[in-house]
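Here is a guided walk through one protein model. Keep the sequence and the structure in view as you read.

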Amino acid sequence: VLIKVKYSGINYKDALATVENSKIVSSYPMIPGIDLAGVVEHSDTHAFEKGDEVIVTGYDLGTSHFGGFSEYARVKEEWIVPLPKDLTLEEAMIYGTAGYTAGLAIEKLEHNGLSIEKKDILVRGATGGVGTLAIMMLDSIGFDVIASTGKKGAEDKLKALGAKEVISRIANSDQKALGKRTWQGVIDPVGGESLSQIVKQLDYNGMVAVIGMTAGAKFDSSVFPFILRGVSIIGIDSVYTEMRQRKHIWRRLAKDLK
């Protein structure tokens, strides 16, 4: 399917793709852009026709397949999501991969028992793309959100987005096996060693949706939070989400998460 690209976002992964030996791009030359929104120009399949407004995120786009930073993009039919009727092409790429990932994390946390009647939700890396959009979405559906950031002067902005409270970065300083039960759920694009502290602070049956690793790819943990509090770590992969769920998340981004 040939798509005339109208909008594309600039993502952390796109930045990594420009770094030598980053292993994000499998071969060169490569056009970056891991997401796009546009209009079908030509289709070899009956699933889409000229004039259809569509979204593409993830898969091999911008890594091993020419991406969204181009006037036209030819992609596989299986990668394409029809634009929901309550969303514009511009809005779709304001959300982009970050918004889609935040929505997917919220969906999975809710599926595992996240409830507005329980303790607060923590959003780490709160000034980043996933973080800011997650705050807005969680606030829109009624959750009390605590935003964690190391950026000075960000408190007013984050509260304007919907955060009830803003706290500094959480350090992995407590050597105890368990910490105070604080969070029912966490959205974490940060990762790294401080994730160990987050796991210790989860409430009974609490969960953390791990999205990224801006602070590192490794962390240490004992089994105690898992066997004494029943906590869960949920991995969020926005690249190869199956299409049924992908369409569902985009419909939510056009409605209750908007």
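The buried residues of helix H7 pack against strands S3 and S5 and against helices H2 and H3. This is a predicted model. H7 covers residues 243-253, and its buried residues are Met-243, Arg-246, Ile-249, Trp-250, Arg-252 and Leu-253. Many of these positions lie three or four places apart in the numbering, and a general rule of helices is useful here. An α-helix has 3.6 residues a turn, so residues three or four places apart point the same way.

Look at the start of H7. There, a side-chain oxygen of Glu-242 comes to within 3.1 Å of the backbone nitrogen of Arg-244. Glu-242 also forms a salt bridge with Arg-244, with the closest N and O atoms 3.3 Å apart. How exposed are the two partners? Arg-244 is exposed, because its relative accessibility is 63% and the cut-off for exposed is over 50%. Glu-242 is partly exposed, at 39%.

Now move along H7 to Arg-252. Is Arg-252 buried or exposed? Its relative accessibility is 10%, so Arg-252 counts as buried, the limit for buried being under 20%. Arg-252 still has charged partners. It is linked with Glu-107, Glu-110 and Asp-256 in a network of salt bridges. Side chains of opposite charge can pair when their charged atoms come close. Leaving aside neighbours within four places in sequence, Arg-252 is in contact with Glu-107, Glu-110, Ile-141, Leu-257 and Lys-258.

Next, take S3, one of the elements that H7 packs against. S3 spans residues 53-57, and four of its five residues are buried, so the strand is largely enclosed by the rest of the structure. Which strands pair with S3? Strand S2, residues 35-42, is joined to S3 by five bridges, and the two run antiparallel. Strand S5, residues 80-82, is joined to S3 by three bridges, again antiparallel. Ile-55 shows both pairings. Ala-37 stands opposite Ile-55, and in S5 the bridge partner of Ile-55 is Val-81.

Follow the chain past S3. Tyr-59 is found in the loop between S3 and strand S4, residues 72-74. Its phi is positive, about 55°, although Tyr-59 is not a glycine. Tyr-59 is buried, with a relative accessible area of 12%. Asn-205 makes a useful companion. Asn-205 too has a positive phi, about 60°, and is not a glycine. Its place is in strand S10. Asn-205 counts as exposed, at 54% relative accessibility.

Another backbone feature sits before S2. A cis peptide bond joins Tyr-28 and Pro-29, with omega about 0°. Pro-29 has its place in the loop between helix H1, residues 12-17, and S2.

Return to H3, another element that H7 packs against. H3 runs over residues 129-140 and holds Thr-132. Thr-132 is buried, with a relative accessible area of 13%. What does Thr-132 touch, apart from neighbours within four places in sequence? Its contacts are Ala-126, Thr-127 and Leu-161.

Leu-161 leads to helix H4, which covers residues 155-161. Lys-159 and Glu-155 both lie in this helix, four residues apart, about one turn. They form a salt bridge, and the closest N and O atoms are 3.0 Å apart. Lys-159 is partly exposed at 39%, and Glu-155 is partly exposed at 39%.

How many salt bridges are there? The count comes to 12. One of them pairs the side chains of Lys-50 and Glu-41, at 3.4 Å from N to O. Lys-50 counts as exposed, at 57% relative accessibility. Glu-41 is partly exposed, at 30%.

Finish on the surface. Val-223, Phe-224, Phe-226, Ile-227, Leu-228 and Ile-233 form a nonpolar patch there, with about 540 Å² of accessible area together. Which element gives the largest share of the patch? Helix H6, residues 224-228, supplies four residues. Val-223 is placed in the loop between S10, residues 202-210, and H6. Val-223 is exposed, with a relative accessible area of 51%.

Technical notes. Residues numbered from 1 in each chain as written. Predicted model: local features only at pLDDT ≥ 70, side-chain atom pairs only at ≥ 80, totals over all residues. Heavy atoms only, no water. Patch = residues over 30% accessible without salt bridge, like charges linked within 9 Å, V, L, I, M, F, W, Y side chains within 5 Å. Areas by Shrake-Rupley, 256 points an atom, 1.4 Å probe, with all protein chains shown as cover. Salt bridge = Lys/Arg side-chain N within 4 Å of Asp/Glu carboxyl O. Buried < 20%, exposed > 50% of the residue type's maximum accessible area, 1.4 Å probe, protein only. Pairing = 2+ DSSP bridges. Contact = heavy atoms within 4.5 Å. Polar contact = N/O pair within 3.5 Å; in protein donor to acceptor, adjacent residues only side chain to side chain.
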